[in-house]
Amino acid sequence: FMSSVVQSLAKQELATKQLETKIDNISEIVALDSRDWRKKANSILRKIAFKQGGMDRFKEIGNESYERLENRAKCNLNIRLDNRKKNMIVQGAGKTAVKKLNKLDVIAEDARLTEIYLSVIKDMAIKYDVDFKEEA
């Protein structure tokens, strides 16, 4: 009888520690802010990709984040990106600079999109149970 009580207490203590870790992790994710957001967002997306089977899933996970952003913000990143590239060409930007422009650049130019994208990334980190303290 005594050993089953000890085992039960040990299991309960382990479950409590795991719950505390999960709460700390969610607190870290929620605390993400708009400073250095691109690096943090990419780090979280990499961690999600690894959890989902490896870096070959990174593009798919990134696309999911963009789709979620477009649904929430009621925008089309491809159209915004095309328009931004056309404006750069009109302004005389070089081909290399135009080619390097990506969806994250479009998001960065709009404070509203940046905030919504951060919210999307936080939701995805929680949904996919990313360990925020581990470095990917």
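**Note on salt bridges, core and ring pairs**

1. D129 counts as partly exposed, because its relative accessibility is 36% and that class runs between the buried limit of 20% and the exposed limit of 50%. The model is a predicted one. The side chain of D129 meets that of K51 in a salt bridge, at 4.0 Å from N to O. D129 sits in the segment after α7 and K51 in helix α2, so this pair ties together parts of the chain 78 residues apart in sequence. K51 is also partly exposed, with a relative accessible area of 48%.

2. How many salt bridges does the structure hold? The count is eight. Another of them joins D105 to R38, where the closest N and O atoms are 2.9 Å apart. Since D105 belongs to helix α6 and R38 to helix α2, the pair ties together parts 67 residues apart in sequence. R38 has 29% relative accessibility and so counts as partly exposed.

3. E109 and R84 also meet through their side chains in a salt bridge, at 2.7 Å from N to O. E109 is in the loop between α6 and α7, while R84 is in helix α4, so the pair ties together parts that are 25 residues apart in sequence. Both residues fall in the partly exposed class: E109 has a relative accessibility of 48%, and R84 has 24%. Elsewhere, E64, R68 and K127 are joined into one network by salt bridges that share partners.

4. K103, in helix α6, deserves a separate point. This residue is buried yet has no salt bridge. Why not? The nearest side chain of opposite charge, that of E70, is 5.2 Å away, and a salt bridge needs a nitrogen within 4 Å of a carboxyl oxygen, so E70 does not qualify. Apart from neighbours within four places in sequence, K103 is in contact with Y66, L77, N78 and L81.

5. In soluble globular proteins, nonpolar side chains tend to be buried together. Here the largest nonpolar core has 29 residues, and I48, L69, L77, I107 and Y117 are those with the most contacts inside it. At least two core residues come from each of α2 (37–51), α3 (58–73), α4 (77–90), α6 (103–108) and α7 (111–127). Which helix gives the largest share of this core? Helix α7 does, with eight residues.

6. L69 shows what such a core residue touches. Leaving aside neighbours within four places in sequence, L69 has contacts with K74, L77, I107, L113, I116, Y117 and V120.

7. There are two aromatic pairs. In one, the rings of W37 and Y117 have centres 6.1 Å apart and planes at 75 degrees, so the pair is edge-to-face. W37 is in helix α2 and Y117 in helix α7, so this pair ties together parts 80 residues apart in sequence. W37 and Y117 are both buried.

8. Y66 and Y117 form a stacked pair, with 5.9 Å between centres and 20 degrees between planes. This pair links distant parts of the chain, 51 residues apart, with Y66 in helix α3 and Y117 in helix α7. Y66 is buried, as is Y117. Ring pairs thus link W37, Y66 and Y117 into a cluster.

9. A last point concerns A97, which lies in helix α5 (residues 95–100). A97 is partly exposed, with a relative accessible area of 37%. A97 and K85 are 12 residues apart in sequence, and their C-alpha atoms are 9.1 Å apart in space.

Technical notes: Residues numbered from 1 in each chain as written. Predicted model: local features only at pLDDT ≥ 70, side-chain atom pairs only at ≥ 80, totals over all residues. Heavy atoms only, no water. Core = buried A, V, L, I, M, F, W, Y, C linked by side-chain atoms within 4.5 Å. Buried < 20%, exposed > 50% of the residue type's maximum accessible area, 1.4 Å probe, protein only. Helix = DSSP H or I, 4+ residues; strand = E, 2+ residues; numbered from the N terminus. Contact = heavy atoms within 4.5 Å. Phe/Tyr/Trp six-rings, centres within 6.5 Å; stacked < 30°, edge-to-face > 60°. Lys, Arg positive; Asp, Glu negative; His and termini not counted.
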